[in-house]
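Open the model in your viewer and keep the sequence panel visible. The stops below are given in the order in which to select them.

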Amino acid sequence: MNDSVNDIRIGRTWTGLVLIATTLDGYIAREDGDIEWLTNAPPEPRHAPGHRGQHPPPDYRDFYESVDHIVFGRGTYEKVLTFDSWPYATKRVIVLSRTLTDGDDPRVRIARDLDIAVDLLGRGDARRVYVDGGQVVTAFLRRGLIDELTVSTAPVLLGFGLPLFGHLDHDIRLVHRGTSTGDTGMVTSHYLVADAGDPLGRGAANQ
Ligand SMILES: NC(=O)c1ccc[n+]([C@@H]2O[C@H](COP(=O)([O-])OP(=O)(O)OC[C@H]3O[C@@H](n4cnc5c(N)ncnc54)[C@H](OP(=O)(O)O)[C@@H]3O)[C@@H](O)[C@H]2O)c1
């Protein structure tokens, strides 16, 4: 399968959405998957006071409530399995993996490639799909399946880690819709993908 072919966009009835946190140097986790730099950042009173901005990006809680499906890769799935409880009980979850076996965990469906994931989304009557994990976000972007990105940038440089974005074979232009900042130094920006061809008519061309 040619990953750059984007014909699976045709007939798509759902919107692909990313909401993710990254370091200033573009990592979503350390190489061993650690995200303490995000969840347990040291207090720093010298950060500028936060502001919501004119067009504040989606808030996580509202965003999460608005999605019906979540798709992430095995890397993110294995991190979630270390949490105290399963946080996605009310959502349909698809895990992209060539190594996991479907049926081993009844809370998720395993998709061995993107076409299978897209088929599951279609059959699940998906409308708003939360796409998570660096490799999986990049795979969706390459196939033209992401419509909006909300990226929170943490005030830290790690030097090494798991990147948010990987190789693309073409430029993807974005429309900046708004930025807010927090007292923690987090800078959150909301973008639309300029040429996503959002089938639900909510893409950049319609803003
Ligand atoms: N900072 C944040 O907001 C944030 C958000 C999400 C996750 N994270 C962190 O990021 C780390 C994981 O990120 P990641 O980029 O390494 O992993 P990821 O995208 O979650 O998962 C990567 C895995 O997904 C599978 N995969 C990816 N593309 C595929 C495709 N096209 N077809 C089939 N399978 C595919 C592969 O699994 P197999 O090897 O099994 O084939 C691959 O090893 C975790 O530590 C997590 O905690 C951070």
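Select His176, which lies in strand 9; helices (H or I, at least four residues) and strands (E, at least two) are DSSP runs, numbered from the N terminus. The model is predicted: local features need pLDDT of at least 70, side-chain atom pairs count only at pLDDT 80 or more, and totals for chains, interfaces and linings use all residues. Residue numbers start from 1 along each chain as its sequence is written.

Is His176 buried or exposed? It counts as exposed, because it has 10 C-beta neighbours inside 10 Å. The scale used here calls a residue buried if 20 or more other C-beta atoms lie within 10 Å of its own, exposed if 12 or fewer, and partly exposed in between, with C-beta atoms placed from the backbone. Leaving aside neighbours within four places in sequence, His176 is in contact with Ser189 and Tyr191; contact means that the C-beta atoms of two residues, placed from the backbone, lie within 7 Å. For a long distance, add Leu120: it is 56 residues from His176 in sequence, and the two C-alpha atoms are 31 Å apart.

**Strands 9, 10 and 7**

Extend the selection to strand 9 (residues 174–181) and strand 10 (residues 187–193), which pair in the antiparallel sense over seven bridges. Pairing requires that DSSP finds at least two bridges between two strands. Two positions to label are Val175, opposite Leu192 in strand 10, and Thr181, opposite Val187 in strand 10. Strands 9 and 10 form a hairpin with five residues between them, and Gly185 in the turn has a positive phi of about 85 degrees.

Now add strand 7 (residues 148–154), which pairs with strand 10 in the antiparallel sense over six bridges. Here Thr153 stands opposite Val187 in strand 10. Strand 10 is mostly covered, with five of its seven residues buried.

**Helix 5 and the core**

Move to helix 5. How many of its nine residues are buried? Eight are, so the helix is mostly covered. The buried ones are Gly134, Val136, Val137, Thr138, Ala139, Phe140, Leu141 and Arg142. Just after the helix, Gly144 takes a positive phi of about 70 degrees.

Next, colour the largest nonpolar core, which has 40 residues; Val71, Val95, Val129, Val131, Val136, Phe140 and Ile146 have the most contacts inside it. Helix 5 gives the largest share of this core, five residues. A nonpolar core is a set of buried Ala, Val, Leu, Ile, Met, Phe, Trp, Tyr and Cys residues joined through C-beta atoms within 7 Å. In soluble globular proteins, nonpolar side chains tend to be buried together.

Zoom in on Val95. Not counting residues up to four places away in sequence, it touches Phe72, Arg74, Tyr77, Leu100, Val108 and Ile110.

Then pick Val93, in strand 4 (residues 92–96). Val93 counts as buried because it has 20 C-beta neighbours inside 10 Å. Apart from neighbours within four places in sequence, Val93 is in contact with Ile70, Tyr88, Arg107 and Val108. Phe72 is 21 residues from Val93 along the chain, and their C-alpha atoms are separated by 7.9 Å.

**A loop residue**

Select Asp125, in the loop between helix 4 (114–123) and strand 6 (128–132). It is exposed, with 11 other C-beta atoms within 10 Å. Check its backbone: Asp125 has a positive phi of about 55 degrees although it is not a glycine. Most residues other than glycine have a negative phi.

**The ligand**

Show the ligand and the 28 residues that surround it; the closest are Gly33, Gly73, Gly75, Gly133 and Gly134. A residue belongs to this shell if its C-beta atom, placed from the backbone, lies within 6 Å of the molecule. Strand 1 (15–23), strand 2 (27–29), strand 3 (69–73), helix 3 (74–80) and helix 5 (134–142) each supply at least two residues of the shell. By type, the shell divides into 13 nonpolar, nine polar and six charged residues. Ala, Val, Leu, Ile, Met, Phe, Trp, Tyr, Cys and Pro count as nonpolar, Asp, Glu, Lys and Arg as charged, and the others, Gly among them, as polar.

**The whole chain**

Zoom out to finish. The protein chain has five helices and ten strands, and buried residues make up 33% of its 207 residues. Its C-alpha trace spans about 50 × 40 × 35 Å along the principal axes.
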